[in-house]
Amino acid sequence: MAWDYAPAPESRDIVSIQREYGLFIDGQFQPAADGAKFATVNPATEEPLAVVADAGITDVDRAVRAARAALDRVWRRMPGRERAKYLYRIARILQERAREFAVLESLDNGKPIRESRDVDVPLAAAHFFYHAGWADKLEYAGFGQAPRPIGVAGQIIPWNFPLLMAAWKLAPALAAGNTCVLKPAATTPLSALLLAEVCRQADLPSGVVNVITGEGDTGAKLVTHPDIDKIAFTGSTEVGKEIRRAVAGTPKRLTLELGGKAANVVFADAPLDQAVEGIVNGIFFNQGHVCCAGSRLLVQESAADLVVDRLKRRIDTLRLGDPLDKNTDIGAINSAQQLDKIRTLSAAGEADGGVRWSPQCRLPERGYWFPPTVFTGVSQSHRIAREEIFGPVLSVLTFRTPEEAITKANNTPYGLSAGVWTEKGSRILWMAQRLRSGVVWANTYNRFDPASPFGGYRESGFGREGGRHGLEAYLDV
Ligand code: NDP
């Protein structure tokens, strides 16, 4: 008998979204100097959620000045054990207001509440807790006896994990004694603005954290502002390169966390049911809007038919729809532009000769949606095997020997992450030594912990976030 889940929507009532939001500068919400604004919409319904201020050059300048003043007046002088108290406070408030953050994030971003509630928000709190612990122990971190902060950090984040990326950037910067100007992505500004309110609730001295909303040109103005000491950017490789050019020849420090095209390598001896779960989590978590998504499945030829078969059966059970429904596995695509990009690359996948498959699933009429999709018959030259799609689209390739798996896995300009599935520990180590990526997961995928450094190399960027290594990016060492 076929039966379905009853709807289990999370209530929106926990969050009160204002009609308009200002820029958070020097502890106050204020409109843009020229009054410019833009709207943010719910990607699942296309309904406008709020209007936010669009920061221009005057606002960027005000925010940087506020951060500089707070740095000199209070933050860099404050003993680490005092700074830690603020970080602990922010972490605890995030936990107390977790449901509110989860609902707001799902509304503004389109991700399933199951993920915002169980991943984004708890991990964001964990980053503040973890870095609070470092704030009074920096001299033991291995960077000299009295490591100093770099100064004012300009931080630009993307739309795929809006709150979590804000936490990844702010927590280590603040622990190390820097002050910050954060620019969230234009399509997902609301959780960063709520986090600004949390900073106020935690009595964080004004100017230590500033949040300026705006589009790419706001980010560019922050990058080129002469009084910024460090830029931390997460986003596309293309913009990362632009930023690197803009910063070249200046004393500004730079860390870049960019795109990826990760190989998820499954050997025939792997526990296949577990591997199938890992493949699904690797590519369909957060609609595939993940820089380290396992978007290239490399499966050993002798097991390929079996794995693809089981994978399709598993995908058939995924539930796509209302992000606020607790049963939903796949939410909305974050924006019309991103949906366009996914459609274009999927069409290229077919044109190049890949065989496209999606389960039977009804897409909601309004909003931005794309079904989970698997391409078989993909070869390394196909665009879908080379370019970052940043959507729920998996390309399946095969290999025969471990050497071939390594050659294919490394055949990409990126180097962010990879996965290996096998029952042999020695093979895991052999593979991990040869895979050219910053993170290698073994018999799991998409695992994150604030104590574990994350980052890539080559076109995936440089610098690490998390762990002791992540602190280095915010210390003058
Ligand atoms: P972007 O790189 O354009 O956006 C990332 C952040 O940078 C946003 O806050 C953006 O602002 C800002 N920004 C844009 N242009 C500039 C600039 N010239 N100077 C400074 N800051 C800038 O990514 P997109 O949102 O356009 O996504 C495009 C593609 O990038 C995706 O399809 C995906 O492939 C990849 N991507 C990778 C991410 C990752 O985590 N590695 C994250 C996001 C995207 P705004 O959004 O307001 O324009």
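## Helices across a small set of strands

Contact here means heavy atoms within 4.5 Å. With that in hand, welcome to a predicted model, where helix α6, residues 190-201, lies across β1, β4 and β5. Its direction is at about 55 degrees to β5.

A second helix joins the picture: α3, spanning residues 98-109, lies across β4 and β5. Relative to β4, α3 runs at about 100 degrees.

## The sheet beneath them

Let us turn to the strands themselves. They belong to an open sheet of 3 strands, ordered β1-β5-β4, and the pairing is mixed. Because β1 (20-21) and β4 (37-42) each have a single partner strand, they stand at the edges, and one side of each is left without a neighbour in the sheet.

As general background, strands of a sheet pair through backbone hydrogen bonds, in either a parallel or an antiparallel sense. For β1 and β5 (residues 47-53), the sense is parallel, over 2 bridges. If you would like a residue to look for, E20 has V51 of β5 as its bridge partner.

## A look at N410

Elsewhere in the sequence, N410 sits in the loop that links α13 (402-409) to β16 (417-421). Is N410 buried or exposed? Its relative accessibility is 12%, and the cut-off for buried is under 20%, so N410 counts as buried.

What does N410 touch, leaving aside residues up to four places away in sequence? The contacts are R434, L435, R436 and R458. With R434 there is also a polar detail worth viewing: the side chain of N410 reaches the backbone oxygen of R434 at 2.9 Å.

Technical notes:
Residues are numbered from 1 along each chain as its sequence is written. This is a predicted model: local features need pLDDT of at least 70, side-chain atom pairs count only at pLDDT 80 or more; totals for chains, interfaces and linings use all residues. Side-chain values use heavy atoms; hydrogens and water are left out. Helices (H or I, at least four residues) and strands (E, at least two) are DSSP runs, numbered from the N terminus. Buried means under 20% relative accessible area, exposed over 50%, partly exposed in between (1.4 Å probe, protein chains only). A polar contact is a pair of N or O atoms within 3.5 Å; within protein, one must be able to donate a hydrogen and the other to accept it, and residues adjacent in sequence count only if both atoms are side-chain atoms. Two strands pair if DSSP finds at least two bridges between them. Axes are lines fitted to C-alpha atoms, for helices over the stretch in contact, and angles run from 0 to 180 degrees between N-to-C directions.
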